[in-house]
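Let's take a walk through this model together, starting with the overall layout and ending with the side chains. Keep the structure open beside the text and turn it as you read.

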Amino acid sequence: MSPLLQNALRAVEAAVCAENERGGEARGLLLEIGRLVGVDIAKDPIGGTWHPENMRRVLTAVDGLRRQNAQLRGLPPDGFAPTSDGKNVEFRERGW
């Protein structure tokens, strides 16, 4: 194998390892967020623990909490509240 090809393979290997590490961190974070919102993606997984449809269960639960929070605050479920000048301001930007 030529030295040029060996250098290219080492560079690709380093990039793949770095991407795999970032992916592992993201999966760990998603798992922890799921636990916080009451979704255990390892229990009864849809297509496997890390399948996109299974991981979406966490996003759906977080969105449900966001909508519930908006409703409890008297805001529309999309998270926007009209201001006195008629502009829409996202409630998270207002610090609510």
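**A guided tour of the chain**

A word before setting out: this is a predicted model. The chain's secondary structure comes to 2 helices and 2 strands, and from the N terminus on these elements run in the order α-α-β-β. Of the 96 residues, 18% count as buried. The accessible surface comes to about 7200 Å², and 57% of that area belongs to carbon and sulfur atoms. If you look at contacts between residues at least 6 apart in sequence, 16% of them join residues at least 24 apart.

Start with helix 1, which covers residues 3-36. Helix 1 has 34 residues and reaches 50 Å from its first C-alpha to its last, close to the 50 Å expected at 1.5 Å a residue. Which residues of helix 1 are buried? They are Gly23, Leu30, Leu31 and Gly34, and the buried residues of this helix pack against helix 2. Just after helix 1 comes Gly38, with a positive phi of about 85 degrees.

Go back to the beginning of the chain for a look at the surface. Met1, Leu5 and Leu9 form a nonpolar patch there, and together they have about 330 Å² of accessible area. Leu9, one of the three, has its place in helix 1. With a relative accessible area of 44%, Leu9 is partly exposed.

Now for the inside. In soluble globular proteins, nonpolar side chains tend to be buried together. Which residues make up the largest nonpolar core here? This core has 6 residues, namely Leu30, Leu31, Val39, Ile41, Val58 and Ala61. Helix 1 and helix 2 are the elements that give two or more residues to the core.

Val58 is a good place to stand and look around. It lies in helix 2, the helix of residues 52-72. Is Val58 buried or exposed? Its relative accessible area is 1%, so Val58 is buried. Leaving aside residues up to four places away in sequence, Val58 touches Leu30, Ile33, Gly34, Val39 and Ile41. Among these partners, Leu30, Val39 and Ile41 also belong to the largest nonpolar core, while Leu30 and Gly34 are among the buried residues of helix 1. You can also check a distance from here: the C-alpha atoms of Val58 and Glu32 are separated by 9.8 Å, although these residues are 26 apart along the chain.

That brings us to Glu32 and the charged side chains. Side chains of opposite charge can pair when their charged atoms come close. A search of the whole structure finds 4 salt bridges, and three of them are worth visiting here. In one, Arg35 pairs with Glu32, and the closest N and O atoms are 3.6 Å apart. Why can these two meet? Arg35 and Glu32 are 3 residues apart in helix 1, so about one helical turn separates them. An α-helix has 3.6 residues a turn, so residues three or four places apart point the same way. Arg35 is exposed, with a relative accessible area of 54%, whereas Glu32 is partly exposed at 36%.

Helix 2 offers a richer arrangement to look at. Which residues are linked in a network of salt bridges? They are Asp63, Arg66 and Arg67. The side chain of Asp63 meets that of Arg66 at 2.7 Å, N to O, and that of Arg67 at 3.0 Å, N to O. Arg66 is 3 residues from Asp63 in helix 2, which means that about one helical turn lies between them. Arg67 is 4 residues from Asp63 and is likewise separated from it by about one helical turn. Asp63 counts as partly exposed, at 29% relative accessibility, and Arg67 is partly exposed too, at 38%.

One last stop is the loop between helix 1 and helix 2, where you will find Asp44. Most residues other than glycine have a negative phi, and most peptide bonds are trans. Asp44, however, has a phi near 50 degrees, a positive value in a residue other than glycine. At 61% relative accessibility, Asp44 counts as exposed.

Notes: Residues numbered from 1 in each chain as written. Predicted model: local features only at pLDDT ≥ 70, side-chain atom pairs only at ≥ 80, totals over all residues. Heavy atoms only, no water. Buried < 20%, exposed > 50% of the residue type's maximum accessible area, 1.4 Å probe, protein only. Core = buried A, V, L, I, M, F, W, Y, C linked by side-chain atoms within 4.5 Å. Contact = heavy atoms within 4.5 Å. Expected span 1.5 Å × (residues − 1). Patch = residues over 30% accessible without salt bridge, like charges linked within 9 Å, V, L, I, M, F, W, Y side chains within 5 Å. Areas by Shrake-Rupley, 256 points an atom, 1.4 Å probe, with all protein chains shown as cover.
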